[in-house]
Amino acid sequence: MLCETIAAVATPHGVGGISVIRISGPEAFGICDKIFKSPKGKTLSQAKSHTILYGHIKLGGKTIDEVLVSVLRAPHTFTGEDTVEINCHGGITVTNAVLGAVLASGAVLASPGEFTKRAFLNGRLDLSQAEAVIDLINAPSSLALDTATHQLEGNISRKIANLRERLINIMAQIDVCADYPEEEIDALGEAQLSDELNDILKETDALLLSAERGTFIRDGINTVIIGQPNVGKSSLLNVLADKERAIVTDIAGTTRDVIEERVNLAGLTLNVFDTAGIRDTDNPVESLGINKAEEYLQKADLVLFLIDAARGVCNEDLKIAEKLGEKKAILVINKTDLEAHPALCGLDEHFPAVRISAKTGEGTEQLSEMISSMFSLGEITADDSVTITNLRHKQALFSAKECLSAAISSVGLVPFDLLGIDITNAISAFGEITGQTVSEEIVDRIFSRFCLGK
Ligand SMILES: Nc1nc2c(ncn2[C@@H]2O[C@H](COP(=O)(O)OP(=O)(O)OP(=O)(O)O)[C@@H](O)[C@H]2O)c(=O)[nH]1
Ligand SMILES: [Mg+2]
């Protein structure tokens with residue numbers, strides 16, 4: 001299959017300044033030479049690698065567009081194959097016409113993610129790096145972009161390769177013992193083996209720990225705003241979203257439904273849910289809203305518990321505080337632009353607290369710093385730190401952890417070759433992350449999530 005030359009539009013569908021049509025495969029230059037005409041008669045087949053030629057795309061004697069064409073020779077290309085990138089004018093019709101000419105000359109239309117899949121199959125990227133390409137394109141925040149970039153640069157690949165290598169070395173020793181059973185591994189050897197396995201387990205645990213934060217970076221922190229009516233919950237949503245997302249009035253009980261907005265706050269992604277104010281009410285609609293608020297509260301990663309600084313804390317606030325249980329929560333003391341009432345009834349000792357004004361926007365920076373440190377997201381920006389953001393990687397790490405734990409508890413109790421089974425399974429679990437031991441079906445599923453032309 002790999003001998004086919006594929007082509008697709010690499011830029012987004014729609015009108016733009018330029019469009020890029022990417023062609024990759026053994027016939028990339030030959031195919032394009034059939035339709036590319038340079039004023040000086042230069043051909044792509046003869047051009048040097050990593051050069052750009054000017055000319056026209058012509059099909060059947062008819063000029064389709066004026067273009068610049070990049071010539072990229074294997075193996076130093078994204079896919080590892082001969083690649084041509086045609087920069088044409090960015091209209092939909094002209095782009096489709098140029099692509100049509102390329103297809104008419106012998107290329108086949110690439111399926112989604114096929115360029116990146118070829119990069120993986122040709123060893124230009126491993127699987128975790130290929131997955132980083134999607135994350136990089138879809139990054140919702142600068143922090144998510146940083147982690148995807150590190151992953152694309154191979155920080156996860158290096159880490160996993162190191163752990164795998166160490167296990168492969170252990171397996172080599174075990175194999176020696178299996179081949180020469182008379183050379184029993186002594187107690188000292190067993191202790192060393194146990195230490196090394198424990199060390200690898202510790203590093204696996206650290207990666208799993210990073211996965212908790214990683215999910216928040218990639219998918220956002222589910223943040224539910226809770227509080228009495230009129231404390232300014234919708235106003236806070238609006239100031240965070242930087243737009244009039246929710247209706248704000250001075251009538252208590254304005255918000256009835258849950259309003260969701262994805263918010264970018266100093267590099268963090270928050271999925272913010274504004275909810276109905278919690279109070280006793282006979283109104284059936286408001287009641288439904290309050291039930292919904294409590295339902296969302298249960299699912300929250302983070303609760304912003306709002307109180308009104310001008311009103312001070314009352315019994316109703318304390319009742320809400322009780323509902324928070326063990327949830328990660330921040331006491332947000334709002335309306336600090338007004339004269340403050342002193343009564344906080346110790347709530348600011350029970351919860352980390354921040355003072356803001358949703359009216360002026362003051363204090364939102366402190367709020368984002370508090371969230372960042374609460375979820376240890378600051379640690380992630382360090383260049384050498386590895387953060388697992390991908391659920392598939394997390395599952396593979398869990399499997400590796402289970403196999404390692406099983407191996408560790410068997411050291412000294414079972415014959416070495418039996419121990420080898422758990423270790424081999426751990427090696428294979430690590431290999432799933434980088435792609436050495438992953439099934440074709442999973443590879444296909446991963447690449448099908450890509451967009452066309454990537
Ligand atoms: N001075 C001042 N007023 C505020 C502030 N935040 C909100 N308000 C006012 O407080 C009133 C209620 O604000 P909302 O944002 O609707 O409050 P809410 O908590 O969403 O209310 P419900 O939806 O009814 O539960 C409005 O009149 C806002 O203008 C603030 O920081 N300072
Ligand atoms: Mg509201």
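Here are some friendly notes on two helix pairs and a ligand site in this predicted model.

1. Let's start with α4 (residues 127-138) and α5 (residues 142-152), whose axes come within 8 Å and cross at roughly 155°. Angles over 145 degrees count as roughly antiparallel, so α4 is roughly antiparallel to α5. The crossing of α4 past α5 is left-handed.

2. If you would like to look at that contact, α4 brings Ser 128, Gln 129, Ala 132, Val 133, Asp 135 and Leu 136, while α5 brings Leu 145, Ala 148, Thr 149, Gln 151 and Leu 152. By type, the contact of α4 with α5 holds six nonpolar residues, four polar and one charged.

3. Next comes ligand 1, which has 24 residues around it. Those that come nearest are Gly 232, Ser 234, Ser 235, Thr 255 and Gly 277. Helix α8 (residues 233-241) gives the most to this shell, with three residues. In the shell around ligand 1, 12 residues are polar, seven nonpolar and five charged.

4. Further along the chain, α13 (residues 391-410) packs with α14 (residues 416-434) at an angle of about 165°, their axes being 8 Å apart. That angle makes α13 roughly antiparallel to α14, and their crossing is left-handed.

5. Finally, the contact between these two helices. On the α13 side, the residues include His 393, Ala 396, Cys 403 and Leu 404; on the α14 side, among them are Leu 418, Asp 422, Phe 430 and Glu 432. The contact of α13 with α14 divides into 13 nonpolar, four polar and two charged residues.

Note on methods: Residues are numbered from 1 along each chain as its sequence is written. Chains are lettered from A and ligands numbered from 1 in the order in which they are written. This is a predicted model: local features need pLDDT of at least 70, side-chain atom pairs count only at pLDDT 80 or more; totals for chains, interfaces and linings use all residues. Axes are lines fitted to C-alpha atoms, for helices over the stretch in contact, and angles run from 0 to 180 degrees between N-to-C directions. Helices (H or I, at least four residues) and strands (E, at least two) are DSSP runs, numbered from the N terminus. Angles under 35 degrees count as roughly parallel, over 145 as roughly antiparallel, 65 to 115 as roughly perpendicular and the rest as oblique. A crossing is left-handed if the near helix is turned anticlockwise from the far one by less than a right angle, and right-handed if clockwise. Two residues are in contact if their C-beta atoms, placed from the backbone, lie within 7 Å. Ala, Val, Leu, Ile, Met, Phe, Trp, Tyr, Cys and Pro count as nonpolar, Asp, Glu, Lys and Arg as charged, and the others, Gly among them, as polar. A residue is near a molecule or strand if its C-beta atom, placed from the backbone, lies within 6 Å of it.
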